[in-house]
Structure formats: C-alpha cells, structure tokens
Amino acid sequence: MNSFHPMALLLKHEGYPPAVVVATLIHGFLLFILFHNPVMSNELVNIDEPIYINATTAEQNPQRLRRIQELELQRTREVEAQRQRERDAAAQRAREEEARQQEVQRETERLAQQRSERELAQRQQQEAEAQRQALEQDRLDQARIERERQAQIAREQEVARRAELERQQALASQQAASDARAVDTYVAIINRTVASYWDIPPSARNGMTAVLAIRLVPTGEVISVEVLQSSGNAAFDRSVEQAIRKAERFPELRDMSTTLFETSFRNLTITFRPEDLLR
Amino acid sequence: MGESMNIWSMIVDATWIGKLVMLSLLVLSVMSWVIIVQKWIIIKDAERELFNFEKLFWSGMDLSQLFRDGTTKLKKEELTIIGMENLFRSGFKEFTRLRQQPGIDSDAVMEGSQRAMRVALSREERVLEKHLPILATVASVSVYIGLFGTVWGIMNAFFDLANQSQASLAVVAPGIAEALFATEMGLFAAIPAVLAFNRYSASVNSISDSYYTFMDEFSSILHRQAHSKRAED
C-alpha cells in the first residue's frame, strides 16, 4: 500500500499533463490519417473511375491537349502571317514593275511626239531637209531599236509575271492544305465542346452517324442547328442538337482568320458519331 | 479548384466562417480529450483507492493504527490522501478531538464527526465531478456547430451554382465536401464526449454511493464506540 505505484506519476497536478499529451497525440494522429488518407488523394480517385478510362486518359492531361491545340493554332497563324508577308512582298514588286512600265510608256509617248513634230517640220521644209534625211533615217532606226528593246522588256515582264502567278498558285494550294488542317483543328474543338455538353441517350450505338448543319457567326456563336442527315435514331439526333444548342458558342473560333471562317465555318456541316463524342 | 482535391486545399479554400467553425471544433475536441484523459486518471485512482482502503478497513485493523499509518503515508509520499480514506480521517480526527473534550455529550461527538465527514464527502465529490459538465456541453454543442458549418457551406455551394451559367457537379462538389467536413469534425468531437460523459457520470455515481455507504457504516462504528465508552464512564 505504501509502496510507490505508477499512478503517482500520472496523478501529479491532478493528471493534467498526461491528459494534454494524450489529447495532442490523438489529434495529431487523426490529422496524420486525414492528410494521408488514400481516399482523399488523387491516385485512388483515378482508380475509382475505371468506367471512364477514355475520358480519364483524355482529361488526365488536359494541359497537354490544350498545349498541342495552342501550338497547332499558333503554327497555323504563323503560316498565315508568313503567307501574308509573301503576298505583301509580291504586291510591292508588282507595284514597282507597274511604275517602271508607266515610266517606259511615258518615254515612248514623248518620243513619238517629238517624232511627229520633227515630221511636221520635215514636211514644211522638205527641200531643206533633203540633206538631213540620212540622219533622220538613223534616228528612225534608233527609235525602232528602242521599240524592239521595249517589246523585249515587255516579254520578259510577261514571263516573270507568269512565274509569279505560278508561284502564287503553289502557295495557294499550300494554304489550302494548311487551311484544311486548321479546319480539322477547329472541328475537333467544336466536337470536344459539344461532347462536354452531350447527354448520352441510352439508345445511342457505335456506328451511328448524324450530319448536322451549324450556322455560326465570327464570334463563335451558334445561330442555328439543323439535322441534315438523320442517324436513324431520333433520340441521338436530338441529343446532339441539344448539345450544340447548350454549347451556345465556341469562343475558340474568334481567333480564326476571317477568310477561313467565311469559307468553312459560316455554314458548317459536321458529322457526329457516338464514338467521337464519347472520346 | 483544380483536379487535385485534398483535405488541406479544402481547408485553405474554405470561407472564413467555415474556418472559424473548423477551428472551434478542433479546440472543443482537444479540450474534451484533455478532460476525458484527466477524468479517467482521477476516477481510476479514486476507484483503486476505494478498493484498497475498503479492504484495509474491514481487515479488522485497529482504527487508531489505521489513522497513524495514514499520517505516516502522508508524510512519506507526495501523494495526498483522497477518497474514502479522507472521509475516514476527517471523521476519526473530529471524533477523537471531540472525545477529549471533558463533559461532552456523545450525541454531540457523533454529530461533529458526521459533519466533518459530510464536508469531506462533498469535497471529494466536487473533485470527481469537476469538468464533467464541460464534457456534456461539448457533446451536445459540437454537433450543432458542425451542422451550422455544413449548412453554411452548402448554402455557399448553391450560391456558386446559381452564379454559373452551366450547372455541373464539379462546381458544387468542393463546397459540399468542405461543408460535410464540418459535420464530420463535429461528430468526431461529440461522440467521445458523449461516451465519456455517460461512462464517467456512472462511475462518479457509483463511487459516491460507496462513500455514502462507508460514511454510514463508519458512523455506526463510531456510534457504538462513543456510547460504549460513555457507558463505561
């Protein structure tokens, strides 16, 4: 009874120090569990969604996807700018060429006038000019040579112009190719946006295709949606139409060049497949 | 909110009312745990002392010897005498002191020693019951604080939802998770407090019952002694 017992240590100061220590330990442990809870961390959240494996792989790295798209857009824009620069340079050259031609023409006209004046003087002083005719002949020869030279220049110019035209045509076809790429990118963006608003109707099956006509304005807003070619499943058609209406606008289209918009996006025809939208 | 959702970001992103609720619940929880452990130590000690002293008292030992043992123990160890032994000591001390007064009535002696024991008893009870009301308060209030935090959080989440043009689960989910976290904390504080309060009230009741019983028994012993001594005189 009077031997020392372990309770004596606990009982000092009415047992408060050990109580504080224990309470702190309990809460510390609790916080530790809370912050290292696998349910609350990302790994398990991802494992939790195996049904949307496609969705997770796409969304797991949305930044990468966005970056790729941005790069694509940037590249398109750069190509566009480059082409613009080239066009400007060509126009500049054409202007210079024209100025030179005008110069030459003025020269020709002036020469012709001088010549006519000279002829008038000749007629008035035919007798007096008999001795000078040889000289005059020389002058005429010179003028002919000059004309021939001018014709030669004109021919050369024609050749250059044709080459320039060909080059421009090549450029245009190149632009068409990059335009097609840009169109693909924007269509993909539209597809993705629509997909995020899409409520999957239970009757949608892979292999269905619905062709829809979307009318857009340059700000990316949807003006009207129309089913051009039904997938055969009214519910799917309707769900896609509803998704586009809900999307309301595709703000990415604002960055697009006006010509590209006018050629491909003012009246856009898109084919939707359930497997595209699920992606 | 971003794709990574964890407890820490949830706490950091909470509104200041949410933070206040969480903080007060944490404080209440820590407080109730301090009291739970402290009461556990005190009550266990009281029960142990009760058992030991009762055994000693009924072993047929001479009472004055027992009192002297207690005095030496009090001197030797740093422990204070608590519980039943304290009752015994105050009653016995008063009894012997009054008995030494010449010409005192035996009923007066009994009355004096009983009064001394009652005082000691109420002191012991106060030690045992100290802080138990705090546990009861934490048990009942922390649930409501948690509920308040939850309702506030969900209300905010729905305001956010109303401000969005497109309603999606991702908009409200963090707010609701934060809101539910408040309830979770409230429950975490309340459940141990309720359990401990019930448990400790029962223990304190049974201990003070034992004290009362002992007080009566000891009084009857003293009564017998007083009157037998008086009869001898």
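Begin in chain A by selecting the open sheet of 3 strands, whose order is β2-β1-β3 and whose pairing is antiparallel; two strands pair if DSSP finds at least two bridges between them, and strands (E, at least two residues) and helices (H or I, at least four) are DSSP runs numbered from the N terminus. This is a predicted model, in which local features need pLDDT of at least 70 and side-chain atom pairs count only at pLDDT 80 or more, while totals for chains, interfaces and linings use all residues. Residues are numbered from 1 along each chain as its sequence is written, and chains are lettered from A and ligands numbered from 1 in the order in which they are written.

Colour β2 (222–229) and β3 (267–272) of chain A, which stand at the edges of the sheet with a single partner strand each, so that one side of each is left without a neighbour in the sheet. Neighbouring strands here are turned by 25 degrees against each other on average, direction ignored; axes are lines fitted to C-alpha atoms, for helices over the stretch in contact, and angles run from 0 to 180 degrees between N-to-C directions. Next select strand β1 (residues 210–216) of chain A, which runs antiparallel to β3(A) and is joined to it by 6 bridges. If you pick A:Val211, you will find its bridge partner in β3(A) to be A:Thr271.

Now move to chain B, which has 7 helices and 0 strands. Of its 233 residues, 29% count as buried, where buried means that 20 or more other C-beta atoms lie within 10 Å of the residue's own, exposed means 12 or fewer, and partly exposed lies in between, with C-beta atoms placed from the backbone.

Select α2 (16–35) of chain A together with α2 (16–57), α6 (132–163) and α7 (169–232) of chain B, each of which supplies at least two residues of the largest nonpolar core. A nonpolar core is a set of buried Ala, Val, Leu, Ile, Met, Phe, Trp, Tyr and Cys residues joined through C-beta atoms within 7 Å. Of the 30 residues in this core, B:Leu25, B:Leu135, B:Val138, B:Ala189 and B:Ala193 touch the most other members. Apart from this core lies another, of 20 residues, including A:Ile190 and A:Phe272.

Stay with B:Ala193, which is in contact (C-beta atoms, placed from the backbone, within 7 Å) with B:Ser32, B:Leu135, B:Val138 and B:Ala139, leaving aside neighbours within four places in sequence. Then click on B:Leu187 in helix α7 of chain B, which counts as partly exposed because it has 14 C-beta neighbours inside 10 Å. B:Leu187 touches B:Val143 and B:Gly146, not counting residues up to four places away in sequence.

Finally, show α2(A) and α2(B) alone, whose axes come within 8 Å and cross at roughly 135 degrees. These two helices are therefore oblique to each other; angles under 35 degrees count as roughly parallel, over 145 as roughly antiparallel, 65 to 115 as roughly perpendicular and the rest as oblique. Among the residues that meet are A:Tyr16 and A:His27 in α2(A), and B:Trp33 and B:Ile41 in α2(B).

Keep α2(B) on screen and add helix α4 (residues 83–100) of chain B: the two axes come within 6 Å and cross at roughly 50 degrees, which makes α2(B) oblique to α4(B). Where they meet, you can pick out residues including B:Phe53 and B:Phe57 in α2(B), and B:Met84 and B:Phe88 in α4(B).

Note on methods. Contact = placed C-beta atoms within 7 Å.
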